[in-house]
Amino acid sequence: RARDPATGEVTRLVEVRERGRYYFKPLLLRDSEVSVKGLHGAIAKLFEGMGHKPVWTGVMPRYLRRDYYADGHLHIHRVYPHDSTQRDAMYGPSGLTTDEKVVRAVDEGGAEGRCPQLEVIF
């Protein structure tokens with residue numbers, strides 16, 4: 001966390017990776033982006049800026065993709081803390097589906113004072 005002395009706005013560091021990948025990408029979140037909509041927008045902007053292709057696009061046949069990325073934007077299915085079980089992440093309470101859960105996940109941080117680490121499913 002870092003506070004800008006001029007504006008008083010807090011910037012938080014969050015690490016994000018796609019499910020199935022190993023390395024995290026750093027993401028800086030401002031106070032205005034600590035919500036479900038803001039988090040999804042920041043994640044999409046980060047990965048689209050890198051020209052990211054989701055893991056499943058290399059495995060799934062072209063006819064099943066149904067022009068999923070015809071508009072050129074990544075569609076986020078789910079965001080959750082990286083240490084969640086697969087069942088909790090997909091169907092349980094681990095998903096960051098409300099603004100309160102996003103604030104709690106980003107403000108509490110990771111284990112032992114590290115920055116929070118999130119996984120995303122496109």
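## A buried arginine to start with

Let's begin with R12, which counts as buried at 8% relative accessibility. Keep in mind that everything here comes from a predicted model. What does R12 pair up with? R12 makes a salt bridge with D31, and their closest N and O atoms sit 2.8 Å apart. Since R12 belongs to strand β2 (residues 10-18) and D31 to the loop between β3 and α1, this pair ties together parts that are 19 residues apart in sequence.

D31 has a relative accessible area of 34%, so the label for D31 is partly exposed. There is also a third partner to look for: R12, D31 and D107 are linked in a network of salt bridges.

## The whole chain at a glance

Now step back. The protein chain has 4 helices and 5 strands. If you walk along the chain from the N terminus, you meet the elements in the order β-β-β-α-α-β-α-α-β.

The chain has 122 residues, and 34% of them are buried. The accessible surface of the chain is about 8000 Å², with carbon and sulfur atoms owning 51% of that. Now for the contacts: take those in the chain with a separation of 6 or more, and 53% of them come from residues 24 or more positions apart.

## More salt bridges

How many salt bridges turn up in a search of the whole structure? The search finds 4 salt bridges. One of them joins R17 to E119, with 2.8 Å between the closest N and O atoms. R17 is in strand β2 and E119 in strand β5, so this salt bridge ties together parts that are 102 residues apart in sequence. Are these two residues buried or exposed? R17 is buried, and E119 is buried too.

R21 and E18 form a salt bridge as well, and here the closest N and O atoms are 3.4 Å apart. R21 is partly exposed because its relative accessible area is 37%. E18, on the other hand, has a relative accessible area of 3%, so E18 counts as buried.

## A glutamate without a salt bridge

Next, find E33 in the loop between β3 (25-30) and α1 (36-49). E33 is buried yet has no salt bridge. Which side chain of opposite charge is nearest to E33? That would be R30, 4.2 Å away. A salt bridge needs the nitrogen and the carboxyl oxygen to be within 4 Å, so a distance of 4.2 Å doesn't qualify.

What does E33 touch? Leaving aside residues up to four places away in sequence, E33 touches L28, G38, L39 and A42.

## Rings that meet

Time for the aromatic rings. A pair of aromatic rings is described by two things, the distance of the centres and the angle of the planes. A search of the whole structure finds 2 aromatic pairs. Y22 and Y23 form an edge-to-face pair, at 5.0 Å centre to centre and with 85 degrees between the planes. Y22 counts as exposed because its relative accessibility is 64%. Y23 is exposed as well, with a relative accessible area of 64%.

F47 and F122 also form an edge-to-face pair, this time with 5.4 Å from centre to centre and 70 degrees between the planes. This pair links distant parts of the chain: F47 sits in helix α1 and F122 in the segment after β5 (117-121), 75 residues apart. Both F47 and F122 are buried.

Terms used: Residues numbered from 1 in each chain as written. Predicted model: local features only at pLDDT ≥ 70, side-chain atom pairs only at ≥ 80, totals over all residues. Heavy atoms only, no water. Helix = DSSP H or I, 4+ residues; strand = E, 2+ residues; numbered from the N terminus. Buried < 20%, exposed > 50% of the residue type's maximum accessible area, 1.4 Å probe, protein only. Contact = heavy atoms within 4.5 Å. Areas by Shrake-Rupley, 256 points an atom, 1.4 Å probe, with all protein chains shown as cover. Lys, Arg positive; Asp, Glu negative; His and termini not counted. Phe/Tyr/Trp six-rings, centres within 6.5 Å; stacked < 30°, edge-to-face > 60°.
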